[in-house]
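Work through the exercises below with the coordinates loaded. Each task is followed by a solution in steps.

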Amino acid sequence: MSVSAFAVILLSAINVISARVIQESLDIPKAYPPMNGINKVYYISKAKFVSYTEASKWCSQNGGGYPAEIDTAEELGLIEKYASSTNLRRIFIAGTDAKKDGVFFSQRTGAFIHIFNWVNREPNNYGGVEDCLELNGSKEGRVNDTPCNRASISHNVLCEFDVVQEEIPEIPEILEIPEILEIAQ
């Protein structure tokens with residue numbers, strides 16, 4: 001087995017172990033089964049929240065994660081499929097445009113969010129109060145703007161947990177068996 005093949009197998013094993021750790025740390029009746037991503041594990045609450053702040057707190061208290069932040073188009077596609085598999089209508093994800101309408105930033109990091117697959121005619125800031133983001137699982141997981149805090153609207157939350165990948169040191173090529181035998185003679 002080559003060193004690179006061994007490294008790939010080892011990294012895959014680390015991802016699987018990390019997913020199991022997050023699954024074991026979640027109280028399974030509180031969340032839908034987790035899904036592995038690239039260096040991340042995702043999980044959706046079964047509980048519903050009327051505020052983004054409470055949803056975010058739930059993520060950190062259940063699995064140590066935070067509301068999912070969309071970093072790439074591939075990640076958006078992955079979490080859209082996950083969200084639509086639950087058929088939940090409203091699922092909070094990270095993102096707010098409270099400072100400037102239509103310009104979204106992560107609440108946790110302040111990073112600019114620019115990757116969306118909007119529900120038709122969105123974002124629309126309906127009523128002038130839609131400053132957070134949600135996935136609509138019943139509409140193929142597409143993105144919508146939604147109020148961050150409204151008692152009449154409740155959301156599940158899609159959380160993500162970073163899987164820490166440790167660097168694998170360079171492994172020197174191992175001597176072939178015949179070479180070892182020659183040395184021994």
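**Exercise 1: the surroundings of I153**

I153 sits in the loop between β8 and β9. Helices (H or I, at least four residues) and strands (E, at least two) are DSSP runs, numbered from the N terminus. The model is predicted: local features need pLDDT of at least 70, side-chain atom pairs count only at pLDDT 80 or more, and totals for chains, interfaces and linings use all residues. Residues are numbered from 1 along each chain as its sequence is written, and side-chain values use heavy atoms, with hydrogens and water left out.

Task: Determine whether I153 is buried or exposed, and list the residues with which I153 is in contact, leaving aside its neighbours within four places in sequence.

Solution.
- Step 1. Apply the accessibility classes: buried means under 20% relative accessible area, exposed over 50%, partly exposed in between (1.4 Å probe, protein chains only). The relative accessibility of I153 is 14%, so I153 is buried.
- Step 2. Apply the contact criterion, heavy atoms within 4.5 Å. Outside the excluded neighbours, I153 touches F49, V50, R90 and P147.
- Step 3. Take R90 from that list. R90 and I153 are 63 residues apart in sequence, and their C-alpha atoms are 8.8 Å apart.

**Exercise 2: disulfides**

Task: Find the disulfides, give the handedness of the link between C59 and C159, and state the pattern of the bonded cysteines.

Solution.
- Step 1. Search for pairs of cysteine sulfur atoms within 2.5 Å. The search gives 2 disulfides.
- Step 2. One of them joins C59 to C159, with an S to S distance of 2.0 Å. C59 is in helix α2 (residues 52-61) and C159 in strand β9 (residues 156-162), so the link ties together parts 100 residues apart in sequence.
- Step 3. The torsion about the S-S bond of C59 and C159 is about -75 degrees, so this disulfide is left-handed. C59 is buried at a relative accessible area of 0%, and C159 is buried, also at 0%.
- Step 4. C132 and C148 form a disulfide with sulfur atoms 2.0 Å apart. C132 belongs to strand β7 (residues 132-136) and C148 to the loop between β8 (142-146) and β9, 16 residues apart.
- Step 5. The torsion of the link between C132 and C148 is 105 degrees, which is right-handed. C132 is buried, with a relative accessible area of 1%, whereas C148 is partly exposed, at 22%.
- Step 6. Counting bonded cysteines along the chain gives the pattern 1-4, 2-3.

**Exercise 3: the partners of β9**

Task: Which strands pair with β9, and in which sense?

Solution.
- Step 1. Use the pairing rule: two strands pair if DSSP finds at least two bridges between them.
- Step 2. Strand β2 (residues 40-44) pairs with β9 in the antiparallel sense over 5 bridges. I44 has L158 as its bridge partner in β9.
- Step 3. Strand β3 (residues 66-67) is antiparallel to β9, with 2 bridges. The bridge partner of P67 in β9 is C159.
- Step 4. Strand β4 (residues 91-96) runs parallel to β9, also with 2 bridges. I91 is bridged to N156 in β9.
- Step 5. Check the burial of β9: 5 of its 7 residues are buried, so the strand is largely enclosed by the rest of the structure.

**Exercise 4: salt bridges at K40**

Task: Which residues are linked with K40 in a network of salt bridges?

Solution.
- Step 1. Look for a side-chain nitrogen of Lys or Arg within 4 Å of a carboxyl oxygen of Asp or Glu. The structure holds 6 salt bridges.
- Step 2. K40 and D71 meet at 2.7 Å, N to O. K40 lies in strand β2 and D71 in the loop between β3 and α3 (73-86), 31 residues apart.
- Step 3. D71 is partly exposed, with a relative accessible area of 45%, while K40 is buried at 11%.
- Step 4. E160 and K40 form a salt bridge at 3.0 Å, N to O. E160 is in strand β9 and K40 in strand β2, so the pair ties together parts 120 residues apart in sequence. Both E160 and K40 are buried.
- Step 5. The network links K40 with D71, E75 and E160.
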